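Biologist: Could you take me on a close look at the largest cavity in this model? I would like to know what lines it and what else is going on around it.

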Amino acid sequence: MSEPTEKAKTEHAGKEKKRGLSLGRLNLILATIALLLTALLLVATYRADIGYSSMRNSTENYISWQQSAYKMQSASDYLTDQIRNFVVTGKREYLTNYFKEVNVTRRRDAALVELRAALGDSQAYAELAKVMEKSESLAQRELYAARLMIESLNYDVTTFPPEIQDVELEARDLSMSKVRQSERARNMVVDATYVQKKAEINEGIQNCYALMIDQTERMQSEALRALDELMYTQRALILGLIFIVLAIVSMTSFLVINPLVRCVQHIRAEQSIPESGSYEFRFLAKTYNHMFEASRQKKEKLAYDASHDKLTGLYNRAGYDYLMGDVELETSALLLIDVDKFKHINDTYGHEMGDRVLKNIAHVLREAFRSDDYVCRIGGDEFATIMVRSGPQFTDLIRGKIERVNDKLLHPTDDLPPISVSVGVAFGSDDHDKSGIVKHADRALYQVKENGRCGCAFYEG
């Protein structure tokens, strides 16, 4: 059989390529469709939000209208109560309240202005306008009754508001006796005519309520109908997005997950694998992270053990030497600390008690200094503290710290024996290197020991 020609090979390769599925192209198509559906869904959601806002606004408007109408009715009832109380009792305070409501508080007028702005030229507002006309007519009757009552009580009419003074009593009312005048005044605000007018006013307000409810229901029905249409649109778009998601999942399973299974075999064979983001590679990441974390913790523990004292948990001599080479000594203070007569503690109480005393000293020193400062145990009963960002202006602060440290050590709260420390302090400067600041702190420490121990001294060059 003859070998296939180059042309046949090329045609075969082309056919193989055509049968292959381009993940990038398919992903681009699906992503484009998903973005388009998402954009349409966002538009539908935005329009639905507008519809909900419309329904909410119509409800809020109705509540506002109802409050305004109630304010009108409440003010009208209040005026009726005040005028009736006046003509029954003759007390001027009720008439004062009446005119305060009419001329100062003016709840009816304010409510009418609010409703005019909200309802415009609607039928509901027209009904309210009729109510106000009837209310004004009723107010004239109330003023006449009040004027007649004033006449019956022989009050000086000039001391009352102009509205009262402007009321002219009919001749037949003026000719009545005082008793008859007061009876007629009371009758004018309780008789059938008055009650009928009051009922008409209340009925008008109730009609206004009904018209406002009807208007609100129409607005809400229109908004609800639009929302229903948008909800159907949203459901269709969501179904489209679900289809896209399922397509992506299927594509991922076929073109991504299966290859990842083979990658797991590479892991178990301790071979390198390409990076991706499925479960199998999360397994690899988890394994790697576990190993990395274990390695990190081990390194940290080794580093900690190498730089910290096992008894006290403070930095040891190696840690101290490292810090002295790493910290900016020019802006730091070095405190060399010796435990006074520590040998006596070991000789009298034993080494176990001596260890407890050292641990307590370490605890007290840690509490005395800032978390940024470095407290070290550099020898058996020798400690050191490197106070960063500290200069001579901290002299009093450091002295106070050492005094408190010695106070705690000399007055222990448990069964530990009293003890004290001597401290030499030197501040760094541009002229000092590591050996220089150590030498100065050591000289200050020597000065404390020469002067009786239990205190601190500062190097003054």
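Modeller: Happy to! The lining of the largest cavity is made up of Ser76, Leu79, Thr80, Arg108, Ser135, Leu138, Ala139, Glu142 and Lys198. Please keep in mind that this is a predicted model. The space inside that cavity comes to about 50 Å³, and the structure has 3 cavities of 30 Å³ or more.

Now for the elements behind the lining. Two helices, H2 (23-89) and H5 (123-152), each bring at least two residues to the largest cavity. Of the contributors, H5 gives the most, with 4 residues. Sorted by class, the cavity lining is an even mix: 3 nonpolar, 3 polar and 3 charged residues.

The largest pocket is a good companion to this cavity. Its volume is about 200 Å³, and its lining counts 15 residues, with Tyr98, Val102, Arg108, Glu136 and Ala139 nearest the centre of the pocket. You will recognise Arg108 and Ala139, which are also listed among the residues lining the largest cavity. Helix H3 (92-105), helix H4 (107-119) and H5 each supply at least two residues of the pocket lining. Here too H5 gives the most, this time with 5 residues. The class make-up of the pocket lining is 7 nonpolar, 1 polar and 7 charged residues.

Let me add one spot from another part of the chain, Ser390. This serine sits in the loop between strand E3 (382-387) and helix H14 (395-410). Ser390 counts as buried because its relative accessibility is 5%, and the cut-off for buried is under 20%. A polar atom of the Ser390 side chain lies 3.1 Å from the backbone oxygen of Val388. Leaving aside residues up to four places away in sequence, Ser390 touches Thr331, Ser332, Ala333, Arg370 and Phe427.

Finally, the wider setting. The chain has 15 helices and 5 strands, and 37% of its 461 residues are buried. Of the contacts between residues at least 6 apart in sequence, 69% join residues at least 24 apart. The chain exposes about 28100 Å², and carbon and sulfur atoms supply 54% of that area.

Technical notes. Residues numbered from 1 in each chain as written. Predicted model: local features only at pLDDT ≥ 70, side-chain atom pairs only at ≥ 80, totals over all residues. Heavy atoms only, no water. Buried < 20%, exposed > 50% of the residue type's maximum accessible area, 1.4 Å probe, protein only. Polar contact = N/O pair within 3.5 Å; in protein donor to acceptor, adjacent residues only side chain to side chain. Contact = heavy atoms within 4.5 Å. 1 Å grid on protein atoms, 1.4 Å probe; cavity = no way out; pocket = protein on both sides within 12 Å on 5 of 7 lines; lining within 4 Å. Points joined across faces, edges and corners; volume = space filled by probe spheres on them. Nonpolar A, V, L, I, M, F, W, Y, C, P; charged D, E, K, R; others polar. Areas by Shrake-Rupley, 256 points an atom, 1.4 Å probe, with all protein chains shown as cover.
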